[in-house]
Each structure stands twice: as C-alpha cells, then as structure tokens.
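Here is a quick tour for anyone meeting this structure for the first time. Take a look at it, then read on.

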Amino acid sequence: MTAAQADTSAELEIDRPSVTDGASLWRIARDSKALDLNSSYSYLLWCRDFAATSAVARDGHGQPVGFVTGYVRPDRPRTLLVWQVAVDEAYRGRGVAAALLDGLVARTSGEHRITAVETTITPGNTGSERLFTSFAARHGAGVEREVLFDTRLFPDGPHDPEVLYRIGPLSL
C-alpha cells in the first residue's frame with residue numbers, strides 16, 4: 001500500500017453501495033470521460049442486485065466519491081469480473097481506485113472464495129492498465145491478456161476492442 005492509499009483509507013469509508021447511491025455512481029461515471037456510460041437505470045439496478053460484489057468510497061459526509069462494480073462469473077464462481085472503476089476528479093491521484101479494488105477483492109474473497117479477477121480494458125487506457133497491473137503485483141498474481149471483444153462485434157459504431165485481463169491466482 002502506498003502512502004496515498006494509507007491517507008485515503010483514513011479519510012474515506014469503503015462499503016457496499018445502496019440503491020440511493022445509483023445516481024451518484026452514474027454522475028461519477030459520466031464525468032470520468034473514460035467509461036462507457038450506461039443508463040442511470042442500470043446503475044440503480046447494479047446497486048440493488050450486485051451490491052455484494054461492488055464497492056463505493058464515501059467522503060466524510062457520506063457522499064460517494066468513487067466506485068467499483070463487479071460480479072462473480074456464473075461459469076467461474078471463484079472469479080470476480082470488475083465491470084467499472086471510477087473516481088471523482090477531486091479524489092483522483094490519491095489511491096482511491098486501488099483502495100476500492102483491494103477492499104472489494106478482500107471482501108469478496110472472504111464471501112465467495114475469489115481466487116482471480118478479470119476486467120476488460122481498451123487499448124491506450126493507461127490508467128486502468130496501471131491500476132490492474134499494480135493490483136496483480138501487490139497480490140503476487142500473474143496477468144494474462146487476450147482480446148475478448150473485437151471492434152467488429154460492437155453494433156453501435158466504432159469501438160475499440162476490449163482486452164480481457166485475467167489476474168490470478170491471488171495471494172490474499
């Protein structure tokens with residue numbers, strides 16, 4: 001853990017999202033300018049149906065300032081798929097994303113015996129690449145990469161390919 005993460009842990013609370021957090025998560029995702037923005041409805045559903053495999057960082061007033069959404073893969077019940085990670089601009093560069101990811105994986109490992117993490121990253125998203133490769137290093141895990149969804153599979157216009165990162169086995 002870096003000094004920034006240690007400072008972040010002291011000032012932020014990391015817990016499960018609730019439905020009332022859905023609008024804030026949507027706004028954080030929208031303002032990130034890096035994520036594919038889903039409908040506001042999907043963030044409400046995510047906070048209801050996947051709260052156990054997601055996490056939110058709250059400031060001292062209880063307001064969400066970052067989140068990570070994920071789910072346990074049905075066909076690989078010891079694998080956590082991380083869907084989105086986003087942090088409010090005012091809190092970036094302070095280790096919030098790393099603290100969220102570490103906290104979520106620690107919690108889901110205890111509840112679901114998670115041994116691997118998967119995520120997809122578009123080429124050139126260096127922030128996400130750094131986040132997940134440093135996560136793997138902190139947890140003594142290897143990283144395998146392969147294109148999961150090629151550009152031509154996306155029906156809604158030009159979209160970069162989504163590269164699957166498989167991280168594991170984890171040393172927790």
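## A walk around strand β5

According to the UniProt annotation, from an unreviewed entry, residues 12-167 are covered by "domain: N-acetyltransferase". Keep in mind that what you're looking at is a predicted model. Over residues 12-167, the chain is 33% helix and 31% strand, and the C-alpha atoms at the two ends sit 26 Å apart.

A good place to begin is strand β5, residues 116-121. Is it enclosed or open? Of its 6 residues, 5 are buried, so the rest of the structure largely encloses β5.

Strand β5 has partners to talk about. With strand β4 (residues 76-87) it runs parallel, and 4 bridges join the two. Leu80 is found opposite Val117 in β5. To get from β4 to β5, the chain passes through helix α4 (residues 96-112), and this β-α-β crossover is right-handed. Strand β7 (residues 162-168) is joined to β5 by 5 bridges, and here the two run antiparallel. In that pairing, Glu118 stands opposite Arg166 in β7.

Now for the charged side chains. Side chains of opposite charge can pair when their charged atoms come close. How many salt bridges are there? The count comes to 13, and the table gives some of them.

| Salt bridge | N to O distance |
|---|---|
| Arg138 and Asp102 | 3.0 Å |
| Glu118 and Arg166 | 3.2 Å |
| Asp150 and Arg152 | 3.0 Å |

Arg138 and Asp102 meet in a salt bridge. This pair links distant parts of the chain, with Arg138 in helix α5 (residues 126-138) and Asp102 in helix α4, 36 residues apart. Arg138 is partly exposed, at 31% relative accessible area, while Asp102 counts as buried at 16%.

The two residues that face each other across β5 and β7, Glu118 and Arg166, also meet in a salt bridge. They're 48 residues apart along the chain. Glu118 counts as buried because its relative accessibility is 3%, whereas Arg166 is partly exposed at 23%. Both belong to a network of salt bridges that also links Arg73, Asp75, Arg76 and Glu146.

As for Asp150 and Arg152, Asp150 counts as partly exposed at 30% relative accessibility, and Arg152 counts as exposed at 71%.

Finally, which residues make the nonpolar surface patch of about 280 Å²? They are Leu148, Phe149 and Leu153. Leu148 lies in strand β6 (residues 142-149) and is partly exposed, with a relative accessible area of 36%.

Conventions. Residues numbered from 1 in each chain as written. Predicted model: local features only at pLDDT ≥ 70, side-chain atom pairs only at ≥ 80, totals over all residues. Heavy atoms only, no water. UniProt positions renumbered as here; feature names shortened; annotations may be inferred. Buried < 20%, exposed > 50% of the residue type's maximum accessible area, 1.4 Å probe, protein only. Pairing = 2+ DSSP bridges. Right-handed = clockwise from strand over helix to strand, strands pointing away. Patch = residues over 30% accessible without salt bridge, like charges linked within 9 Å, V, L, I, M, F, W, Y side chains within 5 Å. Areas by Shrake-Rupley, 256 points an atom, 1.4 Å probe, with all protein chains shown as cover. Salt bridge = Lys/Arg side-chain N within 4 Å of Asp/Glu carboxyl O.
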